[in-house]
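This report introduces a protein chain to a reader who has not met it before. Please keep the sequence and the structure in view while reading.

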Amino acid sequence: DQARMNANGAMSQMPRIPNLRQLEAKAPAQPRIIGAEPSPVERQLPAPPPLALPDVIRQSTPERWIIGQSPDNRTLATLNLRQSIHVGIVGASGTGKSKSLGYLIVAHAIRSGYHVVILDPKGGADWRPWAKHAEWHAADYGTFADQVRGVEAEHDRRYLTVQRAEATDVMALPNPPQPVLVVVEEYGDLIDQLRKARAGDATKVDAMLDRLLRLSRMTDIHLLLIDQYPEHWSNQVMAGTKAKAVFQLGPNQGAKVREYQADQLPDVGRYLLKGKEYNAWHAAPDLAAILRGLPARQGTDVVGVGYTVDRSAGDVPR
């Protein structure tokens, strides 16, 4: 107070504080931080080159199979079969289901020590070259029920072993059996023909597949269904194939597999997986080299029901 008193004994006014707007007006400009925004050069960096198929196979591991690459080449699609358990590949004819993604998944499985079973209803057009490395069987609606029954019997044998050992699954056994991947080509057409010709057998196949889809994680048996007719899939099969790669489909067909943009995909080589687009590697031109790098098939048949090929007498069931 003594300091604020003037010569006449009157108190001076308190010093005025400028308002916030005045302070902002007087504040110095904020310095520009170099590097806070990407430079034009950084924004125009080219996309990385796509992986070549030999690199895809070499860089994959038993727990991480590389199965696709995003259109900008910055993201890889990977598959862990023991987590996904069962896989579906659907798409119109000629889009690359079998000879791109199907071939690649089977090559990964064989390299990872799987016993691969292939049920091929096309008379060997797609899968016969794999016969030295996988258990290959021709199939049609007349053999399909028995072939699925063979897979179920293998599941039952393994399930009983797990129960007797009081284990959680076959992987926990002292000597776990070889994991199995069963490939069913043109599944929708097979089951549709069977329903029309033998409705009772089709009902049994649906029940067996439903059981395998629910329980075969314990027995290390996995299904890969390749198809262009997803509308013929049962609800159990649709729900049981957790990983679905969807190539181009016709209008409204993508709704069955909940990939509503499938009709807008390119004609060949690109698919949707959990809503994201990926390019597949066309494996057919490199099939000979792929097969040379795979071990020969060993062990007994899982299915054991199919056709032997005799060119003089036609295909004969065995």
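Strands, as the term is used here, are DSSP runs of E with at least two residues, and they are numbered from the N terminus. The structure is a predicted model.

**Overall picture**

The protein chain contains 10 helices and 12 strands. It has 318 residues, of which 44% count as buried. Among the contacts with a separation of 6 or more, 66% are made by residues 24 or more positions apart. The chain exposes about 17500 Å², and carbon and sulfur atoms supply 51% of that area.

**The largest pocket**

Rolling a probe the size of a water molecule over the atoms shows where empty space is left. The largest pocket has a volume of about 270 Å³. It is lined by 16 residues, and those closest to its centre are T78, L79, S84, A243 and K274. Two or more lining residues come from each of β2 (76-79), α4, α5 (97-111) and β8 (243-246). The strand β8 gives the most to this lining, with 3 residues. By character, the lining divides into 9 nonpolar, 4 polar and 3 charged residues.

**Strand β8 and its neighbours**

In a regular strand the side chains alternate between the two faces of the sheet. In β8, A243 and A245 lie on one side and K244 and V246 on the other; all are buried, and both faces of the strand are covered. Which strands pair with β8, and in which sense? With β3, the pairing is parallel and extends over 4 bridges. Here G88 stands opposite K244 of β8. Strand β9 (residues 270-273) runs antiparallel to β8 and is joined to it by 2 bridges. The bridge partner of V246 in β9 is L272.

**Two residues with positive phi**

The table sets out two residues that have a positive phi although neither is a glycine.

| Residue | Phi | Loop | Relative accessibility |
|---|---|---|---|
| I85 | about 70° | between α4 (81-84) and β3 (87-90) | 7% |
| D220 | about 60° | between α8 (199-215) and β7 (221-227) | 2% |

Are these loop residues buried or exposed? Buried means under 20% relative accessible area. I85 counts as buried because its relative accessibility is 7%. D220 is likewise buried, because its relative accessible area is 2%. The loop that holds I85 leads from α4 to β3, and β3 is a parallel partner of β8.

Note on methods:
Residues are numbered from 1 along each chain as its sequence is written. This is a predicted model: local features need pLDDT of at least 70, side-chain atom pairs count only at pLDDT 80 or more; totals for chains, interfaces and linings use all residues. Side-chain values use heavy atoms; hydrogens and water are left out. Buried means under 20% relative accessible area, exposed over 50%, partly exposed in between (1.4 Å probe, protein chains only). Contact means heavy atoms within 4.5 Å. Accessible areas come from the Shrake-Rupley method with a 1.4 Å probe; for residues, only the protein chains shown count as cover. On a 1 Å grid over the protein atoms alone, a cavity is a set of points where a 1.4 Å probe fits but cannot get out, and a pocket is an open set with protein on both sides within 12 Å along at least five of seven lines; lining residues have an atom within 4 Å of a point. Grid points are joined across faces, edges and corners, and a volume is the space filled by probe spheres set on the points. Ala, Val, Leu, Ile, Met, Phe, Trp, Tyr, Cys and Pro count as nonpolar, Asp, Glu, Lys and Arg as charged, and the others, Gly among them, as polar. Two strands pair if DSSP finds at least two bridges between them.
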